[in-house]
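Colleague: I am new to this structure and would like a close look at a single part of it. Could you take me through one sheet and what lies around it?

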Amino acid sequence: MKETWRLIDMRIEDAPTQMAIDEAIAMARLKEGTPNTVRLYRWNPSAVSIGYFQSIEKEVNLPACEKYGVDVTRRITGGGAVYHDYDGEITYSLVAPEADPKMPADILESYKLICGAIVNGLAELGVDAEFKPVNDIVAGGKKISGNAQTRRHGVILQHGTILVDSDIRRMFQVLRVSDAKISDKLIQAVEERVTNLRHYLGRQVDFDEARSALIKGFEDTFDVALEPGELTGAETRLVKQLREKYRSREWVFQR
Amino acid sequence: MKRAEYKVPGGKLLAAELGVEGGRFAGVKITGDFFMHPEAAIIELEKALNNTPVEDLENNVNRFFQDNDVTLFGVEAGDFVKVVRLALES
């Protein structure tokens with residue numbers, strides 16, 4: 001019989017709650033004996049999440065966020081800034097123990113494997129995507145997904161973004177891109193670096209179609225059945241505590 | 001305040017912001033889109049540099065990564081030395 005993992009399917013929450021849920025699942029995994037979990041989710045209102053080490057002032061155009069009603073939070077994972085467009089983006093997260101036989105100990109290998117689930121999901125939609133180290137997935141040479149992993153409490157938490165129909169112009173209104181990063185990639189227009197499913201496929205992809213493809217990608221890659229479930233009581237209590245952190249100025253503006 | 005950015009070839013972006021008082025680091029802040037586990041180690045790295053002589057930079061960074069169980073991804077220990085040096089020269 002196939003191993004079963006929990007699927008927490010397409011919850012729509014604000015930025016602090018989404019980040020609190022990911023952290024709560026990671027904290028509870030070994031302590032409470034909860035199952036390995038895959039989440040697919042969307043952010044309402046649209047939000048920017050920045051990596052743990054990033055400078056909020058350098059990465060985020062705060063007046064533009066204010067103007068467009070875009071929320072801002074800081075993740076517990078490193079990596080770059082992401083624009084989570086409510087109307088055009090799906091975020092996934094995966095929590096599994098570092099000691100899980102399916103999880104490589106090597107960090108790059110584990111990115112490759114987990115990103116492989118996204119690549120396989122995108123293939124279901126007809127997208128020829130590939131993992132591009134350090135932590136990106138590209139299609140037609142352009143970024144379609146960014147991913148970030150942390151290891152704590154004995155577990156791997158990886159989350160990432162899949163651009164379905166993100167407003168790429170708005171993305172670059174709310175994010176600032178450093179000169180060093182642009183010059184390194186020898187590209188003048190940052191927009192040329194990023195794509196989404198609608199641009200790539202030349203057709204509208206609705207959330208339900210993308211969701212089904214991603215679920216299949218995870219199931220095939222990890223040889224598991226994803227069974228829809230909910231947060232436990234303990235996780236829900238953690239979420240209530242943790243989301244105050246993700247809302248606090250002290251956390252969000254710490255660097 | 002001095003500031004510099006350094007994009008690791010094929011890797012991630014690092015930035016350093018710092019002051020120098022009497023030949024010693026003051027207010028070192030390192031930012032970027034790199035990965036470090038555990039994440040909070042960055043605060044310890046900054047502490048390990050503050051109030052130390054600028055000429056001891058390389059030794060102090062190397063000692064920090066030798067003495068602490070820190071995993072880097074997308075950058076290497078030497079890249080922290082490089083970005084802080086660039087900030088000093090700015």
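Modeller: In chain A, an open sheet of 3 strands follows the order E4-E3-E5 with mixed pairing, where strands are DSSP runs (E, at least two residues; helices are H or I, at least four), numbered from the N terminus, and two strands pair if DSSP finds at least two bridges between them. Its edge strands, each pairing on one side only, are strand E4 (71-74) and E5 of chain A, and neighbouring strands are turned on average by 25° against each other, direction ignored. This is a predicted model, in which local features need pLDDT of at least 70 and side-chain atom pairs count only at pLDDT 80 or more, while totals for chains, interfaces and linings use all residues. Residues are numbered from 1 along each chain as its sequence is written, and chains are lettered from A and ligands numbered from 1 in the order in which they are written.

Strand E3 (residues 47-50) of chain A runs antiparallel to E5(A) and is joined to it by 3 bridges; here A:Ser49 stands opposite A:Val82 in E5(A). Helix H1 (residues 15-31) of chain A packs on the sheet, touching E3 and E4 of chain A, and its direction makes about 25° with that of E4(A); contact requires C-beta atoms, placed from the backbone, within 7 Å, and axes are lines fitted to C-alpha atoms, for helices over the stretch in contact, with angles from 0 to 180 degrees between N-to-C directions.

In the loop between strand E5 (82-84) and strand E6 (89-97) of chain A lies A:Gly88, which touches residues including A:Leu163, A:Ser166 and A:Asn196.

Key
Contact = placed C-beta atoms within 7 Å. Lists of a residue's contacts leave out its neighbours within four places in sequence.
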